[in-house]
Amino acid sequence: MTDDKKGFGQSKPKEVRTNLRFKQSNPKEREHDATKEYPSIAQQAKNMAQSAKDVAKDPRWVDNEEYERRMTLCRACPLYDKEQNRCRKCGCMLKGKARFKAGKCPIQKW
Ligand code: SF4
């Protein structure tokens, strides 16, 4: 195939792909933004286990007013992940965590 017939769907030259892969795999090349990342899976599991223990001790729900107050604070927080409705600090699902009286914001906003 001649160059002028290459078109849509043609992949990038090998050296470009190699550089791109290097940048993606090299931690120094990646931009770090803690507000865009979740804790490690192990840490999320610990946080979830602690939340489950707290809720098992006190399984009461908060009323709608308190739930909305908490969620308003979360929605304004830079650690809030809107797409997943999760907290990036602890990794917890806020639909559940903010509902329980025993649920706690990891940075004491509520
Ligand atoms: S739980 Fe706390 S840290 Fe997490 S998103 Fe809500 S306000 Fe922010």
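**Notebook: tyrosine 67, the core and the ligand shell**

I looked up tyrosine 67 first and found that it counts as partly exposed because it has 17 C-beta neighbours inside 10 Å. By the cut-offs used, a residue is buried with 20 or more other C-beta atoms within 10 Å of its own, exposed with 12 or fewer, and partly exposed in between, the C-beta atoms being placed from the backbone. I note that this is a predicted model, in which local features need pLDDT of at least 70 and side-chain atom pairs count only at pLDDT 80 or more, while totals for chains, interfaces and linings use all residues. Residues are numbered from 1 along each chain as its sequence is written.

I placed tyrosine 67 in helix H3 (residues 64–75). Helices (H or I, at least four residues) and strands (E, at least two) are DSSP runs, numbered from the N terminus. Leaving aside neighbours within four places in sequence, I found tyrosine 67 in contact with Val62, Ala98 and Arg99; contact requires C-beta atoms, placed from the backbone, within 7 Å. I also recorded 9.6 Å between the C-alpha atoms of tyrosine 67 and lysine 97, which are 30 residues apart along the chain.

I turned next to lysine 95, in helix H4 (residues 94–97). Lysine 95 is exposed, because 12 other C-beta atoms lie within 10 Å. Its C-alpha atom is 8.7 Å from that of methionine 71, 24 residues away along the chain.

For the whole protein chain, I listed four helices and two strands, in the order α-α-α-β-β-α from the N terminus. Of its 110 residues, 9% are buried. Among contacts with a separation of 6 or more, 62% join residues 24 or more positions apart.

I checked helix H2 (residues 41–57): its 17 residues reach 24 Å from first C-alpha to last, close to the 24 Å expected at 1.5 Å a residue. The expected span is 1.5 Å times one less than the number of residues. The number of buried residues in H2 is zero, so H2 lies largely in the open.

Which residues make up the largest nonpolar core? I found six: Cys74, Cys87, Cys90, Cys92, Leu94 and Ala98. Such a core is a set of buried Ala, Val, Leu, Ile, Met, Phe, Trp, Tyr and Cys residues joined through C-beta atoms within 7 Å. Not counting residues up to four places away in sequence, cysteine 74 touches Tyr80, Cys87, Leu94 and Ala98.

Finally, I noted the residues around the ligand, among them Cys74, Tyr80, Cys87 and Lys109.

Definitions and conventions:
Near = placed C-beta within 6 Å. Contact = placed C-beta atoms within 7 Å.
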